[in-house]
Amino acid sequence: MTYDRLVCANCAAPVNEGRCPVCRASRARLQEQGQGPFAGLSPALLVALMVVLVGALALLAHQTV
């Protein structure tokens, strides 16, 4: 989730402006969540990686039978 369009319930300003302490805390929390190992990858690339992984597992299972 991005905070570009979120509106703070405390001050009714956009969260990305960080006008009040609640906005700043929410902005910091959202930025920390976006720091995961797959945060920079697009959803299409993640789906493609999943398809490749499932295909590799299917091939491996087929070879062992």
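**Close-up views of a predicted two-helix protein**

**Figure 1. The whole chain.** Of the 65 residues of the protein, 12% count as buried (buried means under 20% relative accessible area, exposed over 50%, and partly exposed in between, with a 1.4 Å probe and protein chains only). This is a predicted model, in which local features need pLDDT of at least 70, side-chain atom pairs count only at pLDDT 80 or more, and totals for chains, interfaces and linings use all residues. Residues are numbered from 1 along each chain as its sequence is written, and side-chain values use heavy atoms, with hydrogens and water left out. The protein has two helices and zero strands (DSSP runs numbered from the N terminus: H or I of at least four residues for helices, E of at least two for strands). Its radius of gyration is 20 Å, well over the 11 Å that the globule rule gives for 65 residues, so the protein is more spread out than a compact globule. That radius is taken over C-alpha atoms, and the rule is 2.2 Å times the number of residues to the power 0.38. The C-alpha trace spans about 60 × 15 × 15 Å along its principal axes.

**Figure 2. Helix α2.** This helix covers residues 43-64. From first C-alpha to last, the 22 residues of α2 reach 32 Å, close to the 32 Å expected at 1.5 Å a residue (the expected span is 1.5 Å times one less than the number of residues). The number of buried residues in α2 is zero, so the helix lies largely in the open.

**Figure 3. A nonpolar surface patch.** F38, L41, L45, L46 and L49 together offer about 420 Å² of accessible area (Shrake-Rupley method, 1.4 Å probe; for residues, only the protein chains shown count as cover). Patches are made of residues with over 30% relative accessible area and no salt bridge; like charges are joined within 9 Å, and nonpolar side chains (Val, Leu, Ile, Met, Phe, Trp, Tyr) within 5 Å. L45 belongs to α2 and is partly exposed, at 39% relative accessibility.

**Figure 4. The salt bridge between R19 and E17****.** The whole structure holds one salt bridge (a side-chain nitrogen of Lys or Arg within 4 Å of a carboxyl oxygen of Asp or Glu). The side chains of R19 and E17 meet at 2.7 Å, N to O. R19 is exposed at 58% relative accessibility, whereas E17 is partly exposed at 41%.

**Figure 5. The backbone at A12****.** A12 lies in the segment before α1 (21-33). Its phi is near 60°, a positive value in a residue other than glycine. Most residues other than glycine have a negative phi. A12 counts as exposed, at 62% relative accessibility.
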